[in-house]
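User: Could you take a close look at one buried acidic residue and its surroundings for me? I would also like to hear how the core of the protein is put together.

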Amino acid sequence: MDGIQIGRKVDLSVHDDYEGLVRTLQRMFRATILRTDHAQASSNKDYVLTYEDKEGDWMMVGDVPWEMFFTTVKRLKITRADRC
């Protein structure tokens with residue numbers, strides 16, 4: 001997460017979809033995390049969830065079906081919405 005230099009692990013296998021993953025991350029970081037449509041960001045306290053795939057490309061979470069995301073995600077990053 002932007003501003004937090006501590007890496008944390010999340011077990012994706014306990015989640016069935018993006019909504020469950022986002023809820024878990026919101027509880028972990030006590031932040032409002034938006035999915036792909038960050039145009040609805042209402043303040044600089046809103047964040048978007050991005051991920052790095054196996055090829056090293058950064059993508060917005062939610063752009064591909066969950067099953068594809070689950071098999072290709074390498075790293076997650078929570079970024080301030082105003083920086084995307």
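**A close look at D53**

Analyst: Happy to! Setting aside neighbours within four places in sequence, D53 makes contact with M59, T72 and K74. This is a predicted model, and D53 sits in its strand β2. The residue is buried, yet it has no salt bridge. K74 carries the nearest side chain of opposite charge, at 7.8 Å, whereas a salt bridge would need the charged atoms within 4 Å. What the side chain of D53 does reach is the backbone nitrogen of E55, at 3.0 Å.

Now for the core. The largest nonpolar core has 17 residues, and L21, L25, I33, L49, F69 and I78 are those with the most contacts inside it. At least two of its residues come from each of α1 (18–29), β2 (46–53), α2 (66–72) and β4 (73–80), so strand β2, the home of D53, is among the contributors. Helix α1 gives the largest share, five residues.

F69 is a good residue to inspect here. Not counting residues up to four places away in sequence, F69 touches L12, Y18, L21, Y51, V61, V64 and L76.

A word on confidence, too. The mean pLDDT of the protein is 84, with 80% of its residues at 70 or more. Among the elements, α2 has the highest mean, 95, and strand β1 (residues 32–34) the lowest, 87. Where pLDDT is low, the predicted coordinates should not be read in detail.

Technical notes
Residues are numbered from 1 along each chain as its sequence is written. Side-chain values use heavy atoms; hydrogens and water are left out. A nonpolar core is a set of buried Ala, Val, Leu, Ile, Met, Phe, Trp, Tyr and Cys residues joined through side-chain atoms within 4.5 Å. Buried means under 20% relative accessible area, exposed over 50%, partly exposed in between (1.4 Å probe, protein chains only). Helices (H or I, at least four residues) and strands (E, at least two) are DSSP runs, numbered from the N terminus. Contact means heavy atoms within 4.5 Å. pLDDT is the predictor's confidence in each residue, from 0 to 100. Lys and Arg count as positive and Asp and Glu as negative; His and the chain ends are not counted. A polar contact is a pair of N or O atoms within 3.5 Å; within protein, one must be able to donate a hydrogen and the other to accept it, and residues adjacent in sequence count only if both atoms are side-chain atoms.
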